[in-house]
Structure formats: C-alpha cells, structure tokens
Amino acid sequence: MILSKKIQTLAVITLGMALLSSAGALAHGNEKPNTPALFVGENTAPAQAVKAFHQALRSGDAAAARAMLADDVLIVEGNGVERSADEYASHHMLADMKFMAAVQSETLEHKTKVLGNVAYSVSRTQLTGEYKDKPVDVVSKETLVLVDKGDGWKIVHVHWSH
C-alpha cells in the first residue's frame, strides 16, 4: 500500500517523536557507550536495506546507492539540505563515497524499528582514518526513515551529523 504525502509526513513526525523518546542511548554526544553496543532489528528488511545503502556508498556503487533512495528523499547533513535523490546523486553523493572509501567504520549502535510500512533506523558509527590529508576520528550519527512503497524499502529521509 502506498502512503499519501500527508500520511508520510505524519509518519515522519511520529517517528521523530518516537525517536526522541526511545533513542536516549544515542543522545550523548561523541563518547563511546559504557554498555555493550545496542543492536536491535538487524534482521529486518529495512535494516538490510540500510546496510545495502551503506555498502553501496563504501564501494562507490552510485547506481545501487541511488536505487535505495526514494525520488523525493530529504537529506539533511550539517547546514546542507538536498531535496531529491537526483540532487544528492549529482552533488554530494560522490564526495560521500570517496570519504567512506577512505575511512574505517565501526558501527557502535544500530536500532531499526518497523511500524507497518514505515521504519526508522538510528545508528552511531566510529569513523577513523585520513581523508584529504587530514586525520578523521569522529562518531557519526545517522537517522534514516524508510517506507515500503510496494517495490521494496526506500529511504525517504536521511539526517547525518558528526
């Protein structure tokens, strides 16, 4: 079943509120957690879609990364916003692929929650290495919202921060 724009918007707002209330472990800045990493929902179809998206970015497979995104995806990173998959693919995706290929990544936490044909994924990943002759040692925070539009899970919203 395909969700209307209004239902999708409400779902994203509801997910955002659920995220704020349920992801407290992810809200403590860049420090590594003192407790064992939290991995929930790793075997769900949306979590597998998220992993495929990350793998496509790491391996430089622009077509596969683009295919995981809904056409009208909203991507927020730092002070920038990209409002479609085509905009992201033609602007920032190549830089993301080069960065991800240059650094090592270790997933610290990943939680995926499925709510019907909407899901969210929240993760923290330690990124280390060197990029453009500068050392990298950051914890990246990622929130993705996915929707099953009948042709598999597609990412409709991305929020990345460091």
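Here are four short exercises on this predicted model, each with a worked solution.

Some ground rules: residues are numbered from 1 along each chain as its sequence is written, and side-chain values use heavy atoms, with hydrogens and water left out. Since this is a prediction, local features need pLDDT of at least 70 and side-chain atom pairs count only at pLDDT 80 or more, while totals for chains, interfaces and linings use all residues.

**Exercise 1. Work out what the mean pLDDT of the protein chain is and where pLDDT falls below 50.**

- Start with the score itself: pLDDT is the predictor's confidence in each residue, from 0 to 100.
- The chain averages 85, and 77% of its residues reach 70 or more.
- Now look at residues 6–28, where the pLDDT is below 50. Beyond near neighbours in sequence, this stretch has 21 contacts in the model (contact means heavy atoms within 4.5 Å).

**Exercise 2. Trace the order of the strands in the open sheet and find its edge strands.**

- Strands here are DSSP runs of E, at least two residues, and helices are runs of H or I, at least four; both are numbered from the N terminus. Two strands pair if DSSP finds at least two bridges between them.
- Seven strands line up as 1-4-5-6-7-2-3, with mixed pairing.
- The edges are strand 1 (39–40) and strand 3, each pairing on one side only.
- At one edge, strand 1 runs parallel to strand 4 over two bridges, and valine 40 sits opposite lysine 111 of strand 4.
- At the other, strand 3 is antiparallel to strand 2 (residues 69–77) over three bridges; glutamate 77 has glycine 80 as its bridge partner.
- Strands 4 and 5 are antiparallel over twelve bridges. Their hairpin has two residues between the strands, and glycine 116 takes a positive phi near 70° there.

**Exercise 3. Place serine 84 and list what it touches.**

- Find the loop between strand 3 (80–82) and helix 4 (85–90): serine 84 is in it.
- Leave out residues up to four places away in sequence, and serine 84 touches Asp71 and Val73.
- Next, follow the side chain of serine 84, which reaches the backbone nitrogen of glutamate 87 at 2.9 Å.
- Finally, check histidine 157: 73 residues away along the chain, with 9.8 Å between the two C-alpha atoms.

**Exercise 4. Say which elements give two or more residues to the lining of the largest pocket.**

- Go through the elements and you get helix 2 (45–59), helix 5 (93–102), strand 4 (103–115), strand 5 (118–131) and strand 6 (134–148).

Terms used:
Polar contact = N/O pair within 3.5 Å; in protein donor to acceptor, adjacent residues only side chain to side chain.
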